[in-house]
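This report describes one protein model, part by part. Please look over the sequence and the structure before reading on.

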Amino acid sequence: MPINWNLKDVNKKAVCMSSLLKTSTNIFLNLEPNANLSKEFPYFGYIEIKINDLPTFNMFSNNDDLVAQKYFWHGMNSYERTTLKIWSILSKKSRTTFDIGSYTGIFAISAAVSNPKSKIYAVEAFDMNYSRILVNIRCNNIGNIKVFNSAVSDNDQYVELRLRSGDGVLSTGGSISNNRNKDYALKKNVKSTTLEDLLLKNEISTLDLMKIDIEGYELVALKAFEKLLFLHKPDIIIEVLPSSDGNELYDFFLSGDYYCFYINEKQQSLHLISQVSNNTEPGSRNWFVTCKTKDELNILFKDKGFWGFG
């Protein structure tokens, strides 16, 4: 793009294409928004985020936020629609919420607007993502989120964070796991904390809800938190990648009297896990983990548009 480009003209072209995409036939809706379209029609500014019945909020993007871009190109419920639907329902009843691996804050902010009386603790290891969370919090005038620039592991030392993209990009998929990002673009030494320290140092007496997405290091962090986790028994949204040991995660949660469900984004449904499959469909990489009974969940999710529990 020429150096003398006009930002208003650039954004105007992107907005026109976005409007066309949102109002066109399904053939357009099947396009992946974040790769070619964002290169051809970059957008720089605030993007409206609409998730189900939650109050609308905004996220800032320098054509660099992969989550915000999905909403720019596709509109309402464009990112992990079923996971965020479950999350928003649970957030309304949560007093204290952890968002571990926050990226630019969509889970933390949606929980905050869902329940302004709750306390949200967001943790993000990559400093550029952390800075963007602060921008997004401030632009929405949110006062119930506390953010920490830290990795989460089983110790409070410095750890090596491997990033798939360079220093000028809001990287997704940054990991401290030795099994991830072996072909990294950048590595940084970052401070680490534990979930136990996060709970105790902030004098948190209740933990009702947690999202954890730390790229294959979830089990290590959770095992170090086992005693307090099984004491508080929060509902959990966890990303389980193909490279993760799903069976070990499943056995860990089972030992704490948890039930595990696949979240199927495409079918908008929950499926109780009785045996972990290594061939999970791409739309089912997130799990919902809870100590609630099936009857309690049916009451909680009644008339919320789910197909039901498989």
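## An enclosed strand

In this predicted model, 5 of the 5 residues of strand β3 (residues 96–100) are buried, so the strand is largely enclosed by the rest of the structure. Here a residue counts as buried when its relative accessible area is under 20%.

The burial applies to both faces of β3. On one side are T96, F98 and I100, on the other T97 and D99, and all are buried. In a regular strand the side chains alternate between the two faces of the sheet.

## Neighbours of β3

Which strands pair with β3? One of them is β4, which pairs with β3 in the parallel sense over 5 bridges. Within this pairing, F98 stands opposite Y121 of β4. Between the two strands the chain passes through α6, and this β-α-β crossover from β3 to β4 is right-handed.

Strand β9 (residues 209–212) is also joined to β3, by 4 bridges, and the two run parallel. F98 has a bridge partner here too: M210 in β9. F98 therefore has a partner in β4 and a partner in β9, and F98 itself is buried.

## Helix α7

Helix α7 covers residues 127–139, which is 13 residues. From its first C-alpha to its last it reaches 19 Å, close to the 18 Å expected at 1.5 Å a residue.

Which residues of α7 are buried? They are N129, R132, I133, N136 and I137. Seen down the helix axis, these buried residues fall within an arc of 140°, so they line one face of α7. An α-helix has 3.6 residues a turn, so residues three or four places apart point the same way. The buried residues of α7 pack against β2 (57–62), α6 (106–114), β4 (119–124) and β5 (145–149). Two of these elements have appeared above: α6 lies on the crossover from β3, and β4 pairs with β3.

## Two loop residues with positive phi

Most residues other than glycine have a negative phi, and most peptide bonds are trans. N141 has a positive phi of about 55° although it is not a glycine. N141 comes just after α7, in the loop between α7 and β5. Is N141 buried or exposed? Its relative accessibility is 73%, so N141 counts as exposed, the cut-off being over 50%. The C-alpha atoms of N141 and F57 are separated by 9.8 Å, while the two residues are 84 residues apart along the chain.

E203 is not a glycine either, and has a positive phi of about 50°. E203 is placed in the loop between α8 (195–201) and β9. With a relative accessibility of 72%, E203 counts as exposed.

## The protein as a whole

How many helices and strands does the protein have? There are 12 helices and 13 strands. Of the 310 residues, 53% are buried. Among contacts with a separation of 6 or more, 67% are between residues 24 or more positions apart. The accessible surface of the protein comes to about 15,500 Å², and carbon and sulfur atoms account for 50% of this surface.

How values were computed: Residues are numbered from 1 along each chain as its sequence is written. This is a predicted model: local features need pLDDT of at least 70, side-chain atom pairs count only at pLDDT 80 or more; totals for chains, interfaces and linings use all residues. Side-chain values use heavy atoms; hydrogens and water are left out. Buried means under 20% relative accessible area, exposed over 50%, partly exposed in between (1.4 Å probe, protein chains only). Contact means heavy atoms within 4.5 Å. Accessible areas come from the Shrake-Rupley method with a 1.4 Å probe; for residues, only the protein chains shown count as cover. The expected span of a helix is 1.5 Å times one less than its number of residues. The arc is that of the directions from the helix axis to the C-beta atoms. Two strands pair if DSSP finds at least two bridges between them. A crossover is right-handed if, with the strands pointing away from the viewer, the path from the first strand over the helix to the second runs clockwise.
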